[in-house]
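Trainee: Before we start, could you take me through this structure slowly, and show me how each label follows from its value?

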Amino acid sequence: MSTKDRESLGEFLLRAPAVGPALALVVAIVVFSLATDTFFDLDNLSTVVQQSLVVGTLALGQTLVILIAGIDLSNASSMVVATLIMAKLAAAGTNGFVALLAGVVLTIIVGIFIGSLATRIKLPAFIITLGTFTMLTAVSKLIAGGQAVPVTDGLLQWLGTKRYLFGGIPITYGMTLALLMYLGIWYALTKTAWGKHVYAVGNAPESARLSGIKVNRTVLSVYIVAGLTFGIAAWQALGRTPNADPNQFQLGNLDSITAVVLGGTSLFGGRGSVLGTLMGALVVAVLRSGLTQMNVDGNYQDLATGALLIAAVVVDRIARRQQQS
Amino acid sequence: MRQRSLTAVVLAAVLAATTGCTVERHWGGNTNTGGSGKAKVGLVTKTDTNPYFVELRNSARAAAQANGADFNALAGQFDGDNDGQVRAIENLMQQGVNTILITPSSSTGVLKAIKDARDAGVLVIALDTATEPPDAVDATFATDNFAAGEQQGAYVKAALKGVPPKLLMVDGTAGSSVDTQRHGGFLKGIGLTDGSPEIKGHTAANGDQSLAQQGMENLLQRSTDINAVYSMNEPMGRGAYAALKARGLTGQIVMGSIDGGCEGVQNVKDGQYAATVMQFPKKMAEQGVLAAVEYAKTGKKPTGFVNTGSAVITDKPLPGIESHDTAWGLQNCWGGAK
């Protein structure tokens with residue numbers, strides 16, 4: 001391949017960051033479909049999507065935060081606290097909708113808290129969310145008092161239990177909701193002024209400010225929207241396992257960052273897409289499912305996921321360098 | 001500059017995920033030893049969130065109060081947090097305890113700190129999990145985890161009524177001694193060995209219910225032609241059950257678990273799995289505190305392995321398997337009257 005070809009490939013990847021992860025996803029699906037006679041099966045593909053729902057929804061909000069060059073280490077712990085609040089309220093006889101709302105309100109409040117500190121006192125998101133991560137982890141353990149809380153409320157389980165067939169593929173309402181959320185945020189990012197502001201703030205906050213964008217307001221709005229997605233991730237989690245357990249999703253924050261980075265979004269902000277994140281979340285679930293069906297030990301699965309993550313960052317780096325040269 | 005901040009982000013994220021956030025310094029200090037009168041008992045559990053360790057801690061605290069002993073409980077941040085347990089031991093020594101009761105995160109990970117404590121005259125008793133070698137501590141009060149696994153395996157074998165097993169295994173944290181012992185015991189009880197063709201697959205889920213569910217879903221994709229499931233503890237049993245239920249397989253499968261928590265016994269009563277093997281953390285805690293009181297008064301140390309027992313809980317009793325029903329189980333879950 002000539003230098004010229006490679007330059008154009010780099011430029012292409014920069015223009016369409018979701019293409020790399022989409023290719024990785026297709027390759028993984030093809031490889032596992034050939035390597036096993038069980039992977040390529042409509043039920044299994046549906047299962048793989050369901051397995052990626054919680055991390056995928058966490059990663060959706062995480063993408064917004066990373067696009068403005070922030071990071072949220074507390075998204076999974078905020079979600080776990082929300083699942084416990086929903087479960088506890090429902091167990092105490094509260095209406096399922098009210099319980100759901102209470103959990104989502106909590107994750108939004110956490111978003112407002114993080115966004116306010118980031119904009120008013122200019123603290124790095126990393127430090128703020130490291131603090132909220134530690135606090136929320138403690139809160140989840142305090143709320144649970146060492147016991148998982150079973151959930152029987154129909155609405156809280158609804159995203160996982162209700163399913164319909166679409167072209168022979170079982171689709172849960174959780175999958176439908178996640179798809180709608182991805183489409184909604186994709187639309188907001190690509191077709192609205194708000195979306196352009198998000199990218200501008202992530203690229204160069206000072207230039208964004210000089211060109212009249214209200215940077216602080218944009219940053220705060222991103223943390224609020226992200227908080228909303230984390231609350232819905234909590235609903236997704238209860239749809240998957242009707243049991244709120246403070247010991248679940250301990251690495252959910254890092255898993256969501258993994259999905260975002262695999263999806264081609266730059267950790268330096270300003271570049272990336274939620275469609276890439278969707279691919280990133282699916283790639284991880286496909287790897288887990290396919291490798292398990294090939295009887296590959298869990299440690300090797302982690303090894304493969306980590307290697308893929310580094311490969312994704314390397315591709316991002318090369319693409320940037322070629323853009324600069 | 002940006003590159004440096006990325007490095008910092010990733011490093012700190014890993015640190016945040018893998019270590020706790022507290023820093024304690026060990027200043028040395030006085031340690032009371034046996035024969036001086038009042039027992040000062042320190043308990044170090046693997047975590048302070050798992051309901052099993054909560055029960056153990058509450059039982060130990062109650063026993064200490066009843067016997068006029070001082071009591072302080074510390075814990076690692078997560079299962080496998082050896083460093084956190086070492087810091088907890090140092091902290092307790094600093095407070096001058098004369099007995100440390102510890103559920104070691106790994107059978108070898110905290111041996112140096114235990115040796116330091118014993119050298120300083122502190123009585124160290126392992127609860128729940130034995131150390132390797134066993135005489136690294138003065139005594140061990142624990143469930144014989146191999147025997148508990150064996151009981152689970154024997155029950156599943158009996159429930160299959162002579163049909164050859166087609167088994168899926170949900171293991172805990174790879175390499176942990178409890179995991180290894182229960183796994184080995186189960187295979188002995190059901191009459192298989194690692195590598196037997198009857199084992200159709202296994203997944204390690206680190207005690208996480210959602211990971212157990214995912215692992216089980218992926219295993220079931222390979223084959224649904226199975227009739228037996230091993231789960232290393234009850235939260236993972238619940239995750240495995242969710243996957244089996246979604247496939248409509250619960251009717252054809254005998255699943256066993258281990259722990260005997262009240263929630264687990266309720267799961268057996270509700271028919272989620274056929275049987276669970278109950279442990280008795282309350283006994284471990286009480287006997288540990290009594291040994292500490294005895295040591296404080298007389299300087300006499302307990303020795304060796306004391307099996308606090310385990311019992312099969314099921315509503316489908318089988319000939320040849322000694323068991324209790326779930327009514328008994330709910331009254332005695334984890335050894336405590338509820």
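Mentor: Gladly, and please keep in mind that this is a predicted model. In chain B, residues 24 or more positions apart account for 74% of the contacts that have a separation of 6 or more. The secondary structure of this chain comes to eleven helices and 13 strands, and buried residues make up 54% of its 338 residues.

Trainee: Why is N145(B) called buried?

Mentor: Buried means under 20% relative accessible area. N145(B) has a relative accessibility of 2%, which is under that cut-off, and therefore it counts as buried. As for its place in the chain, N145(B) belongs to helix α5 of chain B, which covers residues 145–159.

Trainee: What makes the pair N145(B) and R182(B) a polar contact?

Mentor: A pair of N or O atoms has to lie within 3.5 Å, and one must be able to donate a hydrogen while the other accepts it. The side chains of N145(B) and R182(B) come to 3.0 Å, which is within that limit, and the pair is therefore listed as a polar contact. R182(B) is also among the residues in contact with N145(B) once neighbours within four places in sequence are left aside, and the others are D128(B), V178(B), Q181(B) and Q279(B). In addition, the C-alpha atoms of N145(B) and F186(B) are separated by 9.7 Å, although these residues are 41 residues apart along the chain.

Trainee: How do you know which strands are the edge strands of the open sheet in chain B?

Mentor: The sheet has seven strands with mixed pairing, in the order β7-β6-β8-β9-β10-β12-β13. β7 (199–204) and β13 (323–324) of chain B each pair on one side only, and this is what makes them the edge strands.

Trainee: What makes β9 and β10 of chain B a pair?

Mentor: Two strands pair if there are at least two bridges between them. Four bridges join β9 (residues 254–259) to β10 (residues 275–279), so the requirement is met, and these two strands run parallel. Within β10(B), V277(B) is the bridge partner of I258(B).

Trainee: Why is a space called a cavity, and how many cavities of 30 Å³ or more does the structure hold?

Mentor: Rolling a probe the size of a water molecule over the atoms shows where empty space is left. A space is called a cavity because a 1.4 Å probe fits there but cannot get out. The structure holds three cavities of 30 Å³ or more, and the largest cavity has a volume of about 50 Å³. α5(A) gives the largest share of its lining, three residues, and the lining as a whole divides into six nonpolar, four polar and one charged.

Trainee: Among the residues lining the largest cavity is T83(A). Is T83(A) buried or exposed, and how do you know?

Mentor: T83(A) has a relative accessible area of 5%, which is under 20%, so it is buried. This residue lies in helix α5 of chain A, and, neighbours within four places in sequence aside, its contacts are A234(A), A237(A), L238(A) and A244(A).

Trainee: What is the volume of the second largest cavity, and which residues line it?

Mentor: Its volume is about 40 Å³, and the residues lining the second largest cavity include D72(A), S78(A), Y223(A) and F230(A). By class, the lining of the second largest cavity has five nonpolar, four polar and one charged residues.

Trainee: T265(A) is in a loop, so why is T265(A) called buried?

Mentor: The label depends on accessible area, and T265(A), at 3%, is under the 20% cut-off, so it is buried. The loop that holds T265(A) runs between α13 (252–262) and α14 (274–293) of chain A. The side chain of T265(A) reaches the backbone nitrogen of S273(A) at 3.4 Å, and T265(A) also touches residues including T63(A), I66(A) and L67(A).

Trainee: Lastly, how much space lies in the second largest pocket?

Mentor: About 1000 Å³ lies in the second largest pocket. Of the 39 residues lining this pocket, R240(A), P242(A), Q213(B), A242(B) and K245(B) are the closest to its centre. α8(B) supplies the largest share of the lining, six residues, and the lining divides into twelve nonpolar, 18 polar and nine charged.

Methods:
Residues are numbered from 1 along each chain as its sequence is written. Chains are lettered from A and ligands numbered from 1 in the order in which they are written. This is a predicted model: local features need pLDDT of at least 70, side-chain atom pairs count only at pLDDT 80 or more; totals for chains, interfaces and linings use all residues. Side-chain values use heavy atoms; hydrogens and water are left out. Buried means under 20% relative accessible area, exposed over 50%, partly exposed in between (1.4 Å probe, protein chains only). Contact means heavy atoms within 4.5 Å. On a 1 Å grid over the protein atoms alone, a cavity is a set of points where a 1.4 Å probe fits but cannot get out, and a pocket is an open set with protein on both sides within 12 Å along at least five of seven lines; lining residues have an atom within 4 Å of a point. Grid points are joined across faces, edges and corners, and a volume is the space filled by probe spheres set on the points. Ala, Val, Leu, Ile, Met, Phe, Trp, Tyr, Cys and Pro count as nonpolar, Asp, Glu, Lys and Arg as charged, and the others, Gly among them, as polar.
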